[in-house]
Structures are given as C-alpha cells and as structure tokens.
Amino acid sequence: MKARHCEVDLPARVEVGYAVQKGRRCFLKQLTVLASVSGLRALDARADERLETKRIRIVTSPALCFAPQYIADALLKGEGFTDVEYVQAKDRPSLPMLAAGEGDFTIDAVRSAITSVDAGDPLVMLSGVHLGCYELFGTQRVRTIRDLKGSRVPVYAMGSDQQIFLASMAAYVGLDPATDIKWIVQPAADSMRDLQQGKVDAYLAFPPEPQQLRGNKIARVIVNTATDRPWLQYFCCMLIGNRQFVEQHPVASRRALRAILKATDLCAQQPEKAARLVVENGYASSYEVVLQTLKDVSYAAWRTYDPESTLRFFAVRLHEAGMIKSSPQKIIAKGTDWRFLNELKRELKA
C-alpha cells in the first residue's frame, strides 16, 4: 500500500503488522491538529518518566463505537511509541487474543470483560470509554423487554457480548434467558433481514447496525441504551489491557490510556473531524453513518461516570443470569486498575 500525501487533519492508516512511515513534519502537523481540535495540548513526552517499551499493539474489531482506538495513532506516537501496530480481530473475539498476549490493549464491551475475568483470563479494565452503543429493535409483537418471553431472537454467537447483554436485560426484568428466549445463531446481515421480514421478533444491534436499521425504518426501537434507564447510567465499553503488559509497563500503560482518552475526547467534542479520520483511516466507508454513530454514542462519559459502579451493576445481572460465578467485589479486585484513570482525570480536566 502506498502512503498518501500528508493531509493536515487526516493521518494515514496503520496497517496490520507494520506502520506506514510518515515524514516527521507530516506527523507533527497531524498530532498538532488532533490536539487542537480536541481542545487538548500536545504532550511533551520528555516531562514524563521513561517508557519501558516503545512498542504497542492495539487489537481492533469491526464496531464503529470503538472509534477512539482507530484514530489514536498520532496521539500514541506523540506519547513516545515509535512502533504502533493495529492487530485486527476480524472473525476472532478480541479479548481472548488480548489474554493470549497477541495484543496489549483493546476497547471492548464491559460484560464480555466481566465474563473473561470470571473465567480467569489475565485482563485488566483501565477506564470506561463510552456508553449508549446498543439498541434493541422489535417487531409489533415486542414492545418491552418482558415481551421477549417466547420470542425468537438472533445473535451472531452464543456467549458473544450481544447475547450476554440481552440475557442480562432479560434477567433484570425477571425472565430466565436460558428458557424464556428462543436463541437463533446466524450472521448479523441475516438477522437484520429476518427482522425486516418478521421471521424473528427482536434484535440487539450495535454500531453501525442501529443507524442502518433506523435509516431504513426497519422495526422499532424498544430500548436505547443511550437514553433509557437503567442502561444510560452505565458504561457499555471499556479500555482493557493485558495484565502482564500493564504490570510490567506502568508508564507505557498510563501513556497509552492518555492517548486513547484524548481520542475519546475528540469523538465527543469534534465528531465531524473524528468521523473523517475513521473513514480516511479505512475503518468505514460511509462518513454519514460514522458521524451519526459518534453523535449517538456518549463519549464524554469517561470524565464523570464511575466505571466501578458499572461493574457492580452488570456483575449482579450476569450472576442472576447464571453467566458468572464471581461476586462483583471479586471481579473488581481481579480485573481492574483505576490508578491511571484517576491521575488522568485530574491531568486532563477541561
């Protein structure tokens, strides 16, 4: 792939396994633009402790709500990382890859992280990133979550966050997700088609699916996690690290989190700029869909919401649904490290 000519506000994409080399002048312009449009000053890396490693690997999966990690390349390099690698999960779950040491950090769903920690995976949640990406769509038969009893509900995999989240929703209103819902495993495209044709009763969608379903006027929104209680009170996705990397590289971990949170601020404060970056970096083709996603998802929440309360809430729900054995306290003790987040909340205070 040939590197593009430098555009001031559109940094080139970092391909899997190698970095696209850019001139120092081009890179500094991109870093300056990212810092200025997000209202944040660029980092003087010399003021911090020395990095233990200048290599960082970000595991990415195809969900538009994970936009901050797609546009953080220049910010990560501004933190002193000279070898930034994006490892694509594609058809593989990102958290098992992270636990196996195939990457250092990823943004992923909090419920999947809880079940992984419960299973003993060496993962550590470092910060909430956003809330409000999921929306539950239903046919005329389904008007509330309780109407899921006896319903046909497709998911792309049992044990996926899509299925885990919907099961926790069902458990929250007193349903038994193991017996009250008729789960169907099939690809997302088939599920959205079947929802339109009335062959299934409900579908829990995540970006860019909600934007596509609403745009095509397919079914109706039963639950919007960005606007409906109790879901709007809790993070959907968090930044998660490989425990060994975080323990061995605390300075690098803090700087990686700082870069991701600055990119998160960019999504919240300048969604138009962020959407252009996502498209130009090759992670989506439709600027309009990306922009609508960034406007729908609540990225500013990382500054004010408590990630620990999110873990308590969902750990209880998952325990009710029989999906985990650990208590919320054990999940928090085994699978979190908030020290960097607490420092950065003070440092990056607007």
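Student: How many salt bridges does the count come to?

Tutor: In this predicted model, the count comes to 19 salt bridges.

Student: Why is the pair of aspartate 161 and arginine 111 called a salt bridge?

Tutor: The rule asks for a side-chain nitrogen of Lys or Arg within 4 Å of a carboxyl oxygen of Asp or Glu. The closest N and O atoms of aspartate 161 and arginine 111 are 3.0 Å apart, so the pair is a salt bridge. This pair links distant parts of the chain, for aspartate 161 lies in helix 6 (residues 161-172) and arginine 111 in helix 5, 50 residues apart.

Student: Are these two residues buried or exposed, and how do you know that?

Tutor: Buried means a relative accessible area under 20%. Aspartate 161 has 5% and arginine 111 has 0%, and therefore both are buried.

Student: What makes arginine 193 and aspartate 190 a salt bridge, and where do they lie?

Tutor: Their closest N and O atoms are 3.4 Å apart, and the limit is 4 Å, so the pair satisfies the rule. Both residues lie in helix 8 (residues 188-197), three residues apart, which is about one turn of the helix.

Student: Why are arginine 193 and aspartate 190 called partly exposed?

Tutor: Partly exposed covers the range between under 20% and over 50%. Arginine 193 has a relative accessible area of 39% and aspartate 190 has 25%, so each is partly exposed.

Student: What are the classes of aspartate 337 and arginine 339, which also form a salt bridge?

Tutor: Their closest N and O atoms are 2.8 Å apart. Aspartate 337, at 16% relative accessibility, counts as buried because the cut-off is 20%. Arginine 339, with 40%, is partly exposed.

Student: Which residues are joined into one network by salt bridges that share partners?

Tutor: The network consists of Glu79, Arg254, Arg258, Glu343 and Glu347.

Student: Why is aspartate 118 said to have no salt bridge?

Tutor: The nearest side chain of opposite charge, lysine 334, is 6.0 Å away. A salt bridge requires 4 Å or less, so lysine 334 does not qualify. Aspartate 118 is nevertheless buried.

Student: What makes its approach to serine 326 a polar contact?

Tutor: The two side chains make this contact at 2.6 Å, and the cut-off is 3.5 Å. Leaving aside neighbours within four places in sequence, aspartate 118 is in contact with several residues, including Met323, Ile331 and Lys334.

Student: Why is helix 5, where aspartate 118 is found, called mostly covered?

Tutor: Nine of the nine residues of helix 5 are buried. Among them are Val110, Arg111, Ile114 and Asp118. Helix 5 is followed by glycine 120, whose phi is positive, near 95°.

Student: How do you know that the buried residues Phe340, Leu341 and Leu344 of helix 16 lie on the same side?

Tutor: These three residues are buried in helix 16 (residues 339-347). They cover an arc of only 95° around the axis, which puts them on the same side of helix 16. What covers the buried residues of helix 16 includes strand 4 (123-130) and helix 11 (250-269).

Student: Why are strand 5 and strand 8 said to pair?

Tutor: Pairing requires at least two bridges. Four bridges join strand 5 (residues 135-138) to strand 8, so the antiparallel strands pair. Phenylalanine 137 has tyrosine 203 of strand 8 as its bridge partner.

Student: Which way do the residues of strand 8 point?

Tutor: Ala202 and Leu204 point one way, Tyr203 and Ala205 the other way, and all are buried. In a regular strand, side chains alternate between the two faces of the sheet.

Definitions and conventions. Residues numbered from 1 in each chain as written. Predicted model: local features only at pLDDT ≥ 70, side-chain atom pairs only at ≥ 80, totals over all residues. Heavy atoms only, no water. Buried < 20%, exposed > 50% of the residue type's maximum accessible area, 1.4 Å probe, protein only. Lys, Arg positive; Asp, Glu negative; His and termini not counted. Polar contact = N/O pair within 3.5 Å; in protein donor to acceptor, adjacent residues only side chain to side chain. Contact = heavy atoms within 4.5 Å. Helix = DSSP H or I, 4+ residues; strand = E, 2+ residues; numbered from the N terminus. Arc of directions from axis to C-beta.
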